[in-house]
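Please open the structure in your viewer and keep the sequence visible beside it. This tour proceeds by selections, and each stop states what is to be found there.

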Amino acid sequence: MPYAEVSVNSPFAGRRTFCYEVPSDLKVSPGQAVWVPFGEKILQGIVVTLTSGPSVPETRPITGIIENTPLLEPHQVALAVWLSNYYLAPLFDSFALMLPPGFERRVYAVFSPASGVIPEQSTLKSEEKEILELVHQRGRIFLPEIEKIYGRKRSQKILAALLARNLIIRNYVLERPKIKPRYETLICLGVNIQEAAAQAAKLERRSARQADFIRYLMDNPQPQSLSNLKKGIKITSAVLKSLAEKGVIKIEEQQVIRDPLSSISPKLPLSFNLTASQQAVLDEISQSLRSTAGDSARPHVFLLHGVTGSGKTEIYIRALEEAVRNGRKGIVMVPEIAMTPQMIERFTSRFPGRVAVLHSALSLGERFDEWWRIRNGEFLVVIGPRSAVFSPQPDLGLIVIDEEHEWTYKQEENSPRYHTREVALKLAELTGATVVLGSATPSVETYHLAQQGEFKLLVLPERLTPVEKTPLPEVQVVDLRKELKDGNLSLFSRILSREIESALGRQEQVLLFLNRRGGASIVECRDCGWVIRCRRCNVALTYHFAESRDGILICHQCNYRLRNPRVCPNCGSRKIKFLGAGTEKLEEEARRFFPQARILRWDSEVASGDPELHQQIYNRVVNHEVDILIGTQIVTKGLDLPRITLVGVVNADTILNFPDFRAGERTFQLLCQVAGRGDRGPGKSLCKLTLPGITPSRRLPGMIIILSSSRKLLTGRICIILHFRRWQDWYIPIPVRFAVRKRLKN
C-alpha cells in the first residue's frame, strides 16, 4: 500500500509532514491537494512525497481529493520545502504562497443538541442553560455566533462543560469557497434565419413577446448576455423557457474571464537600434538563454548595472523575445505596484494579449482567473511585485528582478519572511532559468557577489537621451545652517526657490522628493513636552491635514487613528506645536511659494495602492498637466519622467537617522535614483539636485575622498564619505562636484 507525506493546513503542523495511507481507489501525486483527517477535523493538505512504507507506526487514510490533477509542479514542491527549511517557516505557509487565490478554507465548529438526552435543569448554571436553550432553538449553531454573544473565553468554558455532560454534539464544517469561476448565461438562435422568421410569423398572434424577441435575435445574431437582455428589452424568464422548449433559442453557460488588463489597448511598439553596450549585454544574456535549457545544476545570474535611463527595460524585453524563441517563458518583477502599469504598457506593445499581471491590488476574482490562465500556459510573461515569483508559469526560462536593490522585495510582515532575490535564485536552480538583476544602484551584497564571480556583471554606462552622451544630473549640496542664519525658515532654500522659478519659466517640470508622508512627524506640547504616541506601537503619531478641520493623527505602522487634540492630554495646555514635515506640508508650502504652478502630490495617501490611480497620476505628469510633482520614494523607482529637469530633495539627511544598519546604503540609493528621474528629455543636459539638510565639514581632513567601488556607479564621479553633525560619523557616498584626477589610496 502506498503512503503519502502530507503538509497539513493547521497552525499545529509546523514545519513537519504527516504520513497518511493512500486508499486503493485514490490516485495521488506530489503537489496534489487532498482532504486529510487531523485530530477531530478534516483539513486541507498538500502531498509532498509518496513512499512505499509508513514513517510512523499508526496511520490514517486520506479522506478525498480536492483537485483531480496536482496543483503544484515538482519544482514548486521542492521550492516550498526549501522555503520552509531556509526561513524556518511552517511548511503549509510556504505552500500557500503558490496555491490558487482563495484556496485556503477555514474550519468552523458547529454545535447541535444531543438526541434523546433530557438535561437536569437544576444542575446547570444560568449561562449553561441559556446556551443549551439557544442550541435547541437553532438546531445547529456555529461557534463564532456563540462567541459573539458571550465572548470567546466564556463561550469555550461553557461549551466544554456541556460537551463533558454529553448535552450537545460538536462537528466541524468547512467554510464555503471564497471564489470560483464566473459563468454568464448567453442566448442565441437555435435555428437558421429562415426557420426563425417562420416561427416569429407563427407566434405573432398567440405571443407577440416571443415573436418580437425572435426578431431581436435575428437582428443581433451574436450571443446575447441574459443579464443585459433583462435590463435592456426586459425579457421574462417565461418567454425564454417557452422558446427554449420549442428549440428556437439556445441557452448556454459560458465562463467569463475577469481580465485586469481588459481596458488596456496595446500601443505600437517603438523600434530603435540598440547601442553597442546594450547589444553586448543582450548577447551575453541570449547566449545564456540558449545554453541553460535543461541545465539546472547552476543557474546563470546576471547583474545588469546600468545608470538611470540607460535602457534596461529594453534589454528585459529583448531577452524575453529570445526566451520565447527557445520555447521558454518569463517572470518580470517590479518593487512597487505603482510601477506595474508602466512596465505592462512596455511589454504589451511587444506581446499583445500574452502578458499577465499578479498583485494584491487586484480583486480576488481577477487573481483567481489570472492564476489559472498562467498555469494553463496562456501567457508569455507574468509581471508583478515580489509575489509574482510564485506564479505557476510553465516552461520558465527567464526571471527578471528590476530595481533589485529595493527593500520592498523583502517580505517582513507574514511568514515566511523571504527575500525575493533568494527565492528567484533557488527557483532558477530548480528550473534552469536565467536570472537578470537590474539596478542603477545595486545592493552591496549583490555587487560583492558579482565582483567575486558568483554573478556575471553587465554594465550600461551611458544614458539614452535625445542628446547623445547626456551626463548624469549635476549635484549641488546646500547647507541649511546657512539658510537658518540668514533667516530662511521655510522648507525651500533660496537656491532651490530660484531654480524652481527658472524651471517653471522655461515650461519645464520640477520633482520635489521628501521621504515622509503627512504634515508633521511629531505633535508635542510646548509646556510639558508630551508627545502623542500610538497606543499599540509606541511611536509618534504623524499629523495629517485633510481628514477633518482639526486634522488627524495617524500611525504609519498600524494605521491607528486619533483626532488631533486641541489641548494637551497630559497637562491641558493649548500650546501644541507641530515638528517635522511631510509631503502634505511640502505641498502646502509649495502652493504658497508658487501659486501659479500646477502642483500634484504622489504618495500612498493619494494613490492608496490602486494601480489605476498610480497610472492616472503618471499620465498627468507625462502629459505635462503638472508643473511640480511632490512625492515619496514611489517617484524614485524606475519611472520615466522625461520633462523633469530639476529635482529637489528636501531634508535629505533625515533618511540617515533611521534605526537601520542599511540607512547609509539606502540613502545613497534613494538619492541616486531620484536624481535619475530628471534630465531625460531634449534640450537640457544639466539638472541640479538640491540636498537641504546635509551639513558636510568644510575642512578636507574632515572628509575621506574615495573612488566609487564600482567605478561605473556614478559614471566615473568621485564619491565622498561625509562627516555629519555632532560626534557621529555617517559613512555614505554622496556624489559631488569635486574634480579629483588621480586615485587616492587608503
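**First stop: strands β1, β3 and β4**

Select strand β1 (residues 3–8) together with strand β4 (residues 41–51): the two pair in the antiparallel sense over six bridges. The model shown here is predicted. Within this pairing, valine 8 of the selection stands opposite glycine 45 in β4.

Now add strand β3 (residues 33–38), which is joined to β4 by six bridges and also runs antiparallel to β4. Valine 36 is a useful residue to label here, as it stands opposite leucine 43 in β4. Next, turn to the hairpin of β3 and β4, where two residues lie between the strands. Glycine 39 in this hairpin takes a positive phi near 65°.

**Second stop: strand β13 and its partners**

Clear the selection and choose strand β13 (residues 301–306). How many of its six residues are buried? Six of the six are, and the strand is thus described as mostly covered. Display the side chains next. In a regular strand the side chains alternate between the two faces of the sheet. In β13, Val301, Leu303 and His305 point one way, while Phe302, Leu304 and Gly306 point the other way. Residues of both groups are buried.

Add strand β18 (residues 434–439), which runs parallel to β13 and is joined to it by five bridges. Then add strand β19 (residues 456–460), which pairs with β13 in the parallel sense, again over five bridges. Which residues are the bridge partners of leucine 304? In β18 the partner is glycine 438, and in β19 it is leucine 458.

**Third stop: a cis peptide bond**

Select serine 415 and proline 416. A cis peptide bond joins these two residues, with omega at about -5°. To place proline 416 in the chain, look in the loop between β17 (396–402) and α14 (420–431).

**Fourth stop: positive phi outside glycine**

Select asparagine 166, in the loop between α5 (152–164) and β9 (168–174). The phi of asparagine 166 is near 60°, a positive value in a residue other than glycine. Is asparagine 166 buried or exposed? Asparagine 166 is exposed, because its relative accessible area is 52% and the cut-off for exposed is over 50%.

Finally, select glutamine 507, which lies in the loop between α17 (494–505) and β21 (509–513). Glutamine 507 has a phi near 60°, a positive value in a residue other than glycine. With a relative accessible area of 59%, glutamine 507 is exposed.

Conventions: Residues are numbered from 1 along each chain as its sequence is written. This is a predicted model: local features need pLDDT of at least 70, side-chain atom pairs count only at pLDDT 80 or more; totals for chains, interfaces and linings use all residues. Side-chain values use heavy atoms; hydrogens and water are left out. Two strands pair if DSSP finds at least two bridges between them. Helices (H or I, at least four residues) and strands (E, at least two) are DSSP runs, numbered from the N terminus. Buried means under 20% relative accessible area, exposed over 50%, partly exposed in between (1.4 Å probe, protein chains only).
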